[in-house]
Amino acid sequence: MNIALLIILAFLLLAISLGIRSSKGKDMDLEQWTVGGRGFGAIFVFLLMAGEIYTTFSFLGGSGWAYGKGAPALYVLIYITLSYVLSYWLLPEIWKYAKENKLMSQSDFFVSKYKSPSLGILAALVGVVSMIPVIVVQLKGLGIIVSEASYGAISMSAAVWMGAISLTIYVMISGIHGSVWTAVIKDIMMIAIIGFLGIYLPIHYFGGYQPMFEAVNAAKPGFLKFPEQGLSVSWFISTVILLVFGFYMWPQVFSAVYSARSGKVFRKNAIISPLYTLMLLFVFFVGFTAILKVPGLIGAEADLSLLRLSIETFDPWFIGIIGGAGLLTALVPGSMLLMSVATLLAKNVYKEFAPAVSDRHVVRLAKFLVPVIALIAVYFTLNGGETMSALILMGYSLITQLFPSLLFSLKKNNPINQYGAIAGIITGLLIVICITLSSSTIGTLFPSLPQAAKDLNVGIIALAVNFLVMITVSLAFRKHTVKLEPKSVNDI
Amino acid sequence: MKIIYILTLVPFIGILGFLPFVNRIEPYVLGMPFNMFWMAMWVVLTSAILGIMYKLDPRNREGDQE
């Protein structure tokens, strides 16, 4: 075992020991942990949300796309920024309703708004399906970090297994309490390392940013612009819009919204949050520097670019530090995601079907599900050849299907009923799954369309059809709802 | 209240709406290709716009409980 791996291992042990310490003595129940007693102020909500948004994807996937695709990688920076504009209006509304109705989870929100337990189960399942690709990203990240830091001694698949096992152990030991401190350490380390790499590497190799970009542009003409077709301007706009709609639909992010002290917290955070995303520019700088310094990484290998370049440049002990920070960015969100999926399945799906079971039974089932979900994620990690970015985009296409019915539910006189919402969401999901499995694009489905329309993100079609089905079915079942459920008339 | 709604749209128009016209490499600004600089600039502007919205929004003048 080399020094880099030893340092990474030390980080893992540190994270686990912090997890053990944070859970000792505090016997919080599920509810308290999820919404933190609704007492969090601006800074804490900011950290909580940043911790969930910036994962190993921002570290490795962002530089990977800059390396492999060039300018289109900027979508990561823009969708997060524009999501904060949406958050100014959306989050205080969600928070207010959740507080008035003492809601705990995203699924509760749908149940309460549409008076429909089935919709709650469906929303929970959508959350589960969408989060799997994101867990796969974290496992891939762990695998990449461990195998790269071993300088080839550990194969990628062995590293993925090790990553999955560490993640499972971490979740099992630190439990649902997690460790806020690990999250804080993770954020500080990530910013410090990304800032350092993004400034040092381009200057070290090219003497500055402009010479670096000029060299990239000379070697790969057009790479720094959005191409005419494929990942073009219209792809960028449609993808960003899709991602902005999906940004707050993640169940764990939704729960973080509930934890705030007031709606004002979100409006205040919206001001400062976009500046935090500028950190991603430094990630891109690393990816662009890697293009000429570690050429030849093709397809999903592009995600290795940050670490490969670092290995070329630095001593093993420093690779250990970078790998350790990377490990935390995969471990912290990975554990939250794994726990969210397990809790959703146990609490919002299983318990709905078996209402008589005790809470303790539900917690035990959730714990049992953790390794099962980890195994499923390992399967997809080892059998899928996608880049991290492609996986994240897929997760977003799925989770965004919740947006139309959520948005309408915030209206005073919501014209949408539970039948419309359910039909819309299911249609949207099916379209995303079919398109993903057949790897079609709008271009292959409708070859006669103009190029700009062909490049639209396929998730947008699913969203549009979802929306239309939702409205049509709601209108068709309007009388039906009123007759069957006189109580819900006020909400329609 | 009206002006706040308009301000909400400004970052979307500035970033997404103007993209076809700013999709170019030259001139380099702060060492970045122009399209990348344009977006970085808009991230900072978005922050400023949200700050203005916050100041104009009467809801934020009330206390924490709202």
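These are my notebook entries on pockets, cavities, one helix, one chain contact and two residues in a predicted model.

**Entry: the second largest pocket**

I looked up the second largest pocket and noted a volume of about 750 Å³. Its lining is made of 27 residues, and those that lie nearest the centre are Ala390(A), Leu393(A), Ser440(A), Thr441(A) and Val458(A). I then asked which element gives the largest share of this lining, and found that helix 18 of chain A does so, with 5 residues. At least two lining residues each come from helix 4 (56-69), helix 18 (388-399), helix 20 (418-437), helix 21 (442-445), helix 22 (451-454) and helix 23 (458-476) of chain A. Sorted by class, the lining of this pocket holds 12 nonpolar, 11 polar and 4 charged residues.

**Entry: cavities**

I turned next to the enclosed spaces and counted 4 cavities of 30 Å³ or more. The largest cavity holds about 240 Å³ of space, and 20 residues line it, with Glu52(A), Ile53(A), Thr55(A), Val134(A) and Tyr396(A) nearest its centre. Two or more of the lining residues are given by each of helix 3 (42-53), helix 4, helix 5 (75-100), helix 12 (251-258), helix 16 (316-353) and helix 18 of chain A. By class I recorded 16 nonpolar, 3 polar and 1 charged residues in the lining of the largest cavity. Helix 18 of chain A therefore appears in my notes on the lining of the second largest pocket and again in those on the largest cavity, as does helix 4 of chain A.

**Entry: helix 6 of chain A**

Why do I describe helix 6 of chain A as largely enclosed by the rest of the structure? I do so because 7 of its 9 residues, in the stretch 106-114, are buried, which here means under 20% relative accessible area. The buried ones are Gln106(A), Ser107(A), Phe109(A), Phe110(A), Ser112(A), Lys113(A) and Tyr114(A). I traced what these buried residues pack against, and the partners are helix 5, helix 7 (117-149), helix 12, helix 16, helix 19 (403-409) and helix 20 of chain A. After helix 6 of chain A comes Lys115(A), and I noted that its phi is positive, near 50°.

**Entry: chain A with chain B**

For the contact between the two chains I listed 43 residues from chain A and 38 residues from chain B. Together chain B and chain A bury about 3,700 Å², of which 71% is on carbon and sulfur atoms. I also looked for salt bridges between chain B and chain A, and the count is 0.

From the chain B side I picked Ser47(B), which sits in helix 3 (residues 34-56) of chain B. Ser47(B) has a relative accessible area of 7% and is buried. Once neighbours within four places in sequence are set aside, Ser47(B) is in contact with Ile271(A), Ile272(A), Pro274(A) and Leu275(A).

**Entry: Thr289(A)**

Is Thr289(A), in helix 14 (residues 279-293) of chain A, buried or exposed? I found 0% relative accessibility for Thr289(A), so this residue counts as buried. With residues up to four places away in sequence not counted, Thr289(A) touches Leu201(A), Pro202(A), Tyr205(A), Phe206(A), Met212(A) and Leu309(A). I also checked Thr289(A) against Tyr67(A), which is 222 residues apart from it along the chain, and the C-alpha atoms of the two are separated by 8.1 Å.

Terms used
Residues are numbered from 1 along each chain as its sequence is written. Chains are lettered from A and ligands numbered from 1 in the order in which they are written. This is a predicted model: local features need pLDDT of at least 70, side-chain atom pairs count only at pLDDT 80 or more; totals for chains, interfaces and linings use all residues. Side-chain values use heavy atoms; hydrogens and water are left out. On a 1 Å grid over the protein atoms alone, a cavity is a set of points where a 1.4 Å probe fits but cannot get out, and a pocket is an open set with protein on both sides within 12 Å along at least five of seven lines; lining residues have an atom within 4 Å of a point. Grid points are joined across faces, edges and corners, and a volume is the space filled by probe spheres set on the points. Helices (H or I, at least four residues) and strands (E, at least two) are DSSP runs, numbered from the N terminus. Ala, Val, Leu, Ile, Met, Phe, Trp, Tyr, Cys and Pro count as nonpolar, Asp, Glu, Lys and Arg as charged, and the others, Gly among them, as polar. Buried means under 20% relative accessible area, exposed over 50%, partly exposed in between (1.4 Å probe, protein chains only). Contact means heavy atoms within 4.5 Å. Buried area is the accessible area (1.4 Å probe) that two parts lose on being put together, summed over both. A salt bridge is a side-chain nitrogen of Lys or Arg within 4 Å of a carboxyl oxygen of Asp or Glu.
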